[in-house]
Amino acid sequence: MTIALPDVDGTASWVATETEHGAGCVRPRSLAFVDGEGARLYTASGEEYLDASASYGVASVGHAHPRVTAAIADQARRLVALTPSYANDARARYLDALTAALPAPLDRVFLCNSGAEAVEAGLKIARLATERHGVVACARGFHGRTLGALSATAERAHRAPFAPLLSGVSHVRYGDAAALEAAITEETGAVVLEVVQGEGGVRPAPDGYLAEARRICDERGALLVLDEVQTGFGRTG
């Protein structure tokens, strides 16, 4: 590949600027990348690294994929963005393709920007549909850093700086269907589970666990919210 390197390697300056002016939620390491292709990342001096995180899953088909970059450029030449108050040809085609790939009876889509935003939507939809505010999630799970998603996240180190969080949230051991069933009460509106826990150490759901969760939620009238940031769109194969 031809790497489009900057004229000067300003890694130290770039790191210092991001450290000084960034929000500080995540502090940059003493490393900067200026280019990428597929699963490879490149520094300004041309050093090659493997992007094992796929940039938190955003680059699930790799960096600089020619079909993706061409589609982005083509759309940007037409419309950069359009509020959902108006219909759009590209968005309509996407919704048709996405819902065609979903299992029945799923046929509605809420388009958003991040996993945390998706979890927030799930919690709000559960409250609206069930008129219950209780939430059951799992220990070692991670659902995001917005207030509702953080409430469903169990790790104390993430939660403590922002306490008190949403009330009515409890956490049980992941993979334990009996503990899940015991935790769901008549006040539970949502059960939030990952198909594979990522921050918890790449822990797949045990066989039958998700089916049991589906059964329990149906019987108790709670909504099952599946957080598939780690596993969605075929990321596990």
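The questions and answers below concern sheets, helices, salt bridges and a surface patch in a predicted model.

Reader: In what order do the strands of the four-stranded open sheet lie?
Author: This sheet is open, and its pairing is parallel. Its edge strands, each paired on one side only, are β5 (169-172) and β9 (223-227). Neighbouring strands are turned against each other by 25° on average, direction ignored. The order is β5-β4-β6-β9.

Reader: Which residue of β9 is the bridge partner of E194?
Author: Strand β6 covers residues 188-194. It runs parallel to β9, and five bridges join the two. The bridge partner of E194 in β9 is D227.

Reader: At about what angle to β9 does helix α4 run?
Author: Helix α4 consists of residues 115-130. It lies across three strands, β4 (134-138), β6 and β9. Its angle to β9 is about 175°.

Reader: Which strands does helix α8 touch?
Author: Helix α8, residues 209-220, packs on the sheet. Its direction makes about 150° with that of β9. The strands touched by helix α8 are β4, β6 and β9.

Reader: Why is one side of β1 and of β3 left without a neighbour in the sheet?
Author: The open sheet of three strands is antiparallel, in the order β1-β2-β3. Neighbouring strands here are turned by 30° against each other on average, direction ignored. β1 (35-37) and β3 (48-50) stand at the edges, so the reason is that each has a single partner strand.

Reader: Which residue of β2 is the bridge partner of G36?
Author: Strand β2 spans residues 40-42. Three bridges join it to β1, and the two run antiparallel. The partner of G36 in β2 is L41.

Reader: With which residues is G38 in contact, leaving aside its neighbours within four places in sequence?
Author: G38 is found in the loop between β1 and β2. Its relative accessible area is 29%, so it is partly exposed. Outside those sequence neighbours, the contacts of G38 are G62 and H63.

Reader: What distance separates the C-alpha atoms of G38 and L98?
Author: G38 belongs to the loop between β1 and β2. Along the chain, G38 and L98 are 60 residues apart. Their C-alpha atoms are separated by 24 Å.

Reader: How far apart are the closest N and O atoms of R93 and D89?
Author: Both residues lie in helix α3, four residues apart, which is about one turn of the helix. R93 has 52% relative accessibility and therefore counts as exposed, whereas D89, at 34%, counts as partly exposed. The two form a salt bridge, with the closest N and O atoms at 3.5 Å.

Reader: Which residue in helix α7 does R215 link to across distant parts of the chain?
Author: R215 lies in helix α8, and its partner in helix α7 (residues 177-183) is 34 residues away. The closest N and O atoms of this salt bridge are 3.8 Å apart. R215 is partly exposed, with a relative accessible area of 29%; its partner, also partly exposed at 25%, is E181.

Reader: How far apart are the closest N and O atoms of E219 and R215?
Author: E219 and R215 both lie in helix α8, four residues apart, about one turn of the helix. E219 counts as exposed because its relative accessibility is 55%, and the cut-off for exposed is over 50%. In their salt bridge, the closest N and O atoms are separated by 3.0 Å.

Reader: Which residues are linked in a network of salt bridges?
Author: The structure holds nine salt bridges. R215 forms one with E181, and E219 forms one with R215. The linked residues of the network are E181, E212, R215, E219 and R220.

Reader: About how much accessible area do the residues of the nonpolar surface patch have together?
Author: The patch is formed by Y94, L95, V109, L111 and F233. One of these, L95, sits in helix α3 (residues 89-101). L95 has a relative accessible area of 30% and is therefore partly exposed. Together the patch residues have an accessible area of about 460 Å².

Terms used: Residues are numbered from 1 along each chain as its sequence is written. This is a predicted model: local features need pLDDT of at least 70, side-chain atom pairs count only at pLDDT 80 or more; totals for chains, interfaces and linings use all residues. Side-chain values use heavy atoms; hydrogens and water are left out. Two strands pair if DSSP finds at least two bridges between them. Axes are lines fitted to C-alpha atoms, for helices over the stretch in contact, and angles run from 0 to 180 degrees between N-to-C directions. Contact means heavy atoms within 4.5 Å. Patches are made of residues with over 30% relative accessible area and no salt bridge: like charges are joined within 9 Å, nonpolar side chains (Val, Leu, Ile, Met, Phe, Trp, Tyr) within 5 Å. Accessible areas come from the Shrake-Rupley method with a 1.4 Å probe; for residues, only the protein chains shown count as cover. A salt bridge is a side-chain nitrogen of Lys or Arg within 4 Å of a carboxyl oxygen of Asp or Glu. Buried means under 20% relative accessible area, exposed over 50%, partly exposed in between (1.4 Å probe, protein chains only).
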